[in-house]
Amino acid sequence: ARVRGMFACAIADARAQRVYLARDPIGKKPLYTASCAAGLVFGSSVLALVAARGGRAAIDPELAGAFWDLSYVPPDRSILVGCRPVPPGKVWVLDWDGTQLGEKSCRPVAEPLRLARAGDVRDHLSSLIDQSVSRRLYNNPHPVSLLSGGIDSTVVTERMLRFRRGSALTLRGLLPWELDERYARYAARKLGVPLELLPSRTARLAEEVAWALDLQDEPLGMISFFPLALLLRRARAHGKILLTGDGGDEVFLGYGRPAQWTDPSNRGGDAEHLAARVMIGLPPPEWMSPWGRVTVGPALLGHMFTKLDRASAEQGVEVRCPLLDWDLLQFVRSLGPGQLFGDGKAKGLLKAQLSGWPRWFRDRPKLGFPYRIRWAWGVRKYEGLREMVSHESAAAFGARVPARLRGRPMGWKTRDIFRDFAAAWKMLAWSAFCCRLARFERPAAAETGRGGMRPHWQAGLAERVR
């Protein structure tokens with residue numbers, strides 16, 4: 001409970017014959033357990049557990065539909081039967097045989113600070129952001145920020161420069177001077193930080209997609225995973241520890257309009273039932289809508305955290321997120337909507353930290369990074385995509401699949417893939433997972449040493465493309 005930051009750890013007490021499995025209270029890092037003949041195995045990847053325990057692994061049939069609806073696996077479940085995630089902020093107490101004896105909390109406890117004046121709220125938030133960024137500069141002598149040009153990354157980069165000289169990176173758009181690139185260039189000039197624009201074009205798109213999907217553990221169906229994986233691959237040559245603004249939209253409520261966060265009739269759709277049982281850090285405030293509870297809970301935990309962890313950790317990069325600091329989150333969650341939105345605009349409280357910046361920069365609509373893979377791959381008639389989608393994987397989703405894509409993937413027409421590219425991408429991610437899973441499975445009697453392991457799965461889908 002005294003630790004600040006991201007962690008998943010195991011503590012073995014040989015004298016007491018106890019094992020403690022703990023996960024940070026915000027849930028940034030994954031931790032899974034699985035039963036096996038020898039007892040219990042645990043780790044940060046379900047595929048590693050499959051390899052460790054031997055035998056075949058069964059996909060939970062209930063979760064195919066959930067994956068299709070959400071584009072991620074519900075964060076309180078595992079895609080595989082017999083695997084379980086340790087919940088954020090929990091410590092599982094196990095005996096020497098792997099039997100769970102109880103559950104404790106590792107969530108820090110502190111009295112929330114109540115401030116009424118808007119100026120006091122802004123000032124205290126500013127000090128918390130300073131503290132959070134300073135913490136993440138520890139053991140980071142040459143800090144590098146990922147400066148997208150958005151409000152979140154601009155605030156983080158500005159605070160980084162208060163403490164230490166550093167540099168910034170952004171991913172160049174497929175088209176010159178796309179909107180995000182324009183804002184990143186402006187922010188870098190105003191802050192006086194050197195900005196490196198990393199190339200995003202790739203000549204072998206199908207093989208690059210296969211490489212990116214091979215970084216995943218459980219399937220992730222959001223297209224944004226691909227440009228993130230590319231960005232971090234380019235960025236690791238400039239620094240192995242990166243600061244980002246990830247989490248700013250979920251902490252400071254930056255999606256949509258303020259009314260969407262407060263209207264009790266704004267439902268959470270297919271994920272609404274998850275909000276009651278999946279929480280990170282602190283429970284959402286009572287005034288938050290069902291949709292908001294999903295956004296700051298299961299969607300953040302199952303979508304954003306999982307995406308960021310797989311894209312970074314699998315490439316040997318550590319991504320630090322100052323806006324997801326525990327003390328900062330605890331303070332923001334104690335505020336009311338009037339304090340959070342300030343002038344009635346989404347993310348108003350965080351935008352106030354850039355008070356000297358022009359309104360066209362602070363108050364622009366949220367854009368996101370426009371990689372436009374649907375168009376870039378479509379120009380090549382989606383060469384290689386059809387070969388990477390198995391007919392069995394496409395059939396697993398039944399009537400959820402658009403009618404145009406229900407036939408065998410090799411018969412898909414280019415125009416139909418273009419129209420339903422999000423659906424095709426989900427089937428692509430699911431097929432990639434099934435391919436990786438088959439490689440990690442091994443006979444239970446096989447050796448557990450180096451000679452008994454299957455080849456690394458990175459060669460998998462790219463080989464099928466070739």
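A cavity here is a set of grid points where a 1.4 Å probe fits but cannot get out, and its lining residues are those with an atom within 4 Å of such a point. In this predicted model, a search of the whole structure finds four cavities of 30 Å³ or more. The points below take up the largest cavity and the second largest one, then the nonpolar cores, and finally the surroundings of glutamine 260.

**The largest cavity**

- The volume of the largest cavity is about 280 Å³, and 24 residues line it, with Pro30, Tyr32, Glu218, Leu301 and Thr306 lying nearest its centre.
- Helix α12, which spans residues 298–313, supplies the largest share of this lining, namely six residues.
- Sorted by class, the lining of the largest cavity consists of 12 nonpolar, eight charged and four polar residues.

**The second largest cavity**

- The second largest cavity has a volume of about 100 Å³, and its lining is made up of Met6, Lys28, Lys29, Phe305, Leu308, Asp309, Ser312, Val319, Cys321 and Leu324.
- Helix α12 again gives the most to the lining, here with four residues, and by class the lining of the second largest cavity holds six nonpolar, three charged and one polar residue.

**Nonpolar cores**

- In soluble globular proteins, nonpolar side chains tend to be buried together.
- The largest nonpolar core of this model has 121 residues, and those that touch the most other members are Leu80, Val209, Phe252, Trp377, Trp425 and Met427.
- Helix α21, covering residues 421–440, gives the most to this core, with 12 residues.
- Once neighbours within four places in sequence are set aside, leucine 80 is in contact with Val46, Val50, Ala57, Ala58, Ile59, Asp60, Glu218, Phe433 and Leu437; of these contacts, Glu218 is also one of the residues nearest the centre of the largest cavity.
- Another core, of six residues, lies apart from the largest one, and its members include Val19, Leu21, Val86 and Trp92.

**Glutamine 260**

- Glutamine 260 belongs to helix α9, which runs over residues 258–262, and it counts as partly exposed because its relative accessibility is 21%, whereas buried would mean under 20%.
- Not counting residues up to four places away in sequence, glutamine 260 touches Asn266, Ser289 and Trp291.
- A polar atom of the side chain of glutamine 260 lies 2.7 Å from the backbone nitrogen of arginine 257.
- Between glutamine 260 and methionine 288 the separation is 28 residues in sequence, while their C-alpha atoms are 8.9 Å apart in space.

Terms used:
Residues numbered from 1 in each chain as written. Predicted model: local features only at pLDDT ≥ 70, side-chain atom pairs only at ≥ 80, totals over all residues. Heavy atoms only, no water. 1 Å grid on protein atoms, 1.4 Å probe; cavity = no way out; pocket = protein on both sides within 12 Å on 5 of 7 lines; lining within 4 Å. Points joined across faces, edges and corners; volume = space filled by probe spheres on them. Helix = DSSP H or I, 4+ residues; strand = E, 2+ residues; numbered from the N terminus. Nonpolar A, V, L, I, M, F, W, Y, C, P; charged D, E, K, R; others polar. Core = buried A, V, L, I, M, F, W, Y, C linked by side-chain atoms within 4.5 Å. Buried < 20%, exposed > 50% of the residue type's maximum accessible area, 1.4 Å probe, protein only. Contact = heavy atoms within 4.5 Å. Polar contact = N/O pair within 3.5 Å; in protein donor to acceptor, adjacent residues only side chain to side chain.
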